[in-house]
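Work through the following exercises with the sequence and the coordinates at hand. Each task is followed by a solution in steps.

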Amino acid sequence: MIKSRTATANMGHPQKTLLEKLFQNHATDLVRFLTRKLKNAQDAEDIAQNAFIRIQHLAEMGKLENPKAYLYQTASNLAIDQIRREKLHSNYVQGEITRGLTGSETSQSSTLSPERLLAARQDLTQMEQAITGLPLKCRQVFLLHRVKGMTYTEIARDMSISVSSVEKYILQALKACRLALAKSKNAEL
């Protein structure tokens with residue numbers, strides 16, 4: 001659960017700040033609201049924390065007419081940004097996969113040739129080496145997604161990391177694989 005930084009700092013003070021009251025009264029509901037929107041409790045907690053941080057200055061200055069509404073709107077905007085980033089990432093990954101497939105496809109007659117089989121084995125060896133050379137967490141995320149077919153959210157939950165970390169690991173693995181294939185193609189020439 002998200003933690004109030006100001007609540008622990010002002011434990012000796014009997015009077016709570018507006019931000020502390022907002023946190024106490026709305027943190028749990030805000031996380032629940034964001035979890036429904038994002039389908040991921042960990043990301044929801046991160047975004048709720050960021051929303052509280054963003055409105056902290058305004059709350060301290062007393063410039064919020066409707067603090068609860070502002071808090072929820074800020075959190076909602078942050079969630080929408082996260083969803084957009086995930087969608088862009090997913091589109092990028094799908095584009096890379098498609099580009100890799102169309103770039104490596106050849107005519108049916110050359111697909112079965114011994115030269116093509118040898119080239120495919122070399123590509124596979126390069127890919128295996130690239131995946132083996134990845135950092136442990138990156139390799140685990142990539143294999144869970146590609147071999148086990150797990151979603152980013154499932155991987156994030158199982159590995160206790162954020163979805164954005166899963167995205168970063170997948171991108172890192174794809175770049176390493178693409179680089180390995182490019183080296184393999186250059187070696188063939």
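**Exercise 1.** Determine in which helix phenylalanine 23 is found, and whether this residue counts as buried or exposed.

*Solution.* In this predicted model, the assignment of secondary structure places phenylalanine 23 in helix α2. The next step is the relative accessibility, which comes to 18% for phenylalanine 23; because buried means under 20%, phenylalanine 23 counts as buried. A last step looks at the spacing to alanine 48, which lies 25 residues from phenylalanine 23 in sequence, with a C-alpha to C-alpha separation of 9.8 Å in space.

**Exercise 2.** Identify which residues touch the most other members of the largest nonpolar core, and which helix gives the most to this core.

*Solution.* The largest nonpolar core holds 21 residues, and those that touch the most other members are Leu30, Leu34, Ile47, Phe52, Ile55 and Leu71. Turning to the helices, α2 (18-38), α3 (41-61) and α4 (67-104) each supply at least two residues of this core, and α2 gives the most, with 8 residues. There is also a second, separate core of 17 residues, which includes Ile131, Cys138, Met150 and Val163.

**Exercise 3.** Describe the protein as a whole, starting from how many helices and strands it has.

*Solution.* Counting the elements gives 9 helices and 0 strands, which read along the sequence as α-α-α-α-α-α-α-α-α. For burial, 32% of the 189 residues count as buried, while the exposed area is about 12200 Å², of which carbon and sulfur atoms supply 55%. Finally, among contacts between residues at least 6 apart in sequence, 66% join residues at least 24 apart.

Technical notes
Residues numbered from 1 in each chain as written. Predicted model: local features only at pLDDT ≥ 70, side-chain atom pairs only at ≥ 80, totals over all residues. Heavy atoms only, no water. Core = buried A, V, L, I, M, F, W, Y, C linked by side-chain atoms within 4.5 Å. Buried < 20%, exposed > 50% of the residue type's maximum accessible area, 1.4 Å probe, protein only. Helix = DSSP H or I, 4+ residues; strand = E, 2+ residues; numbered from the N terminus. Contact = heavy atoms within 4.5 Å. Areas by Shrake-Rupley, 256 points an atom, 1.4 Å probe, with all protein chains shown as cover.
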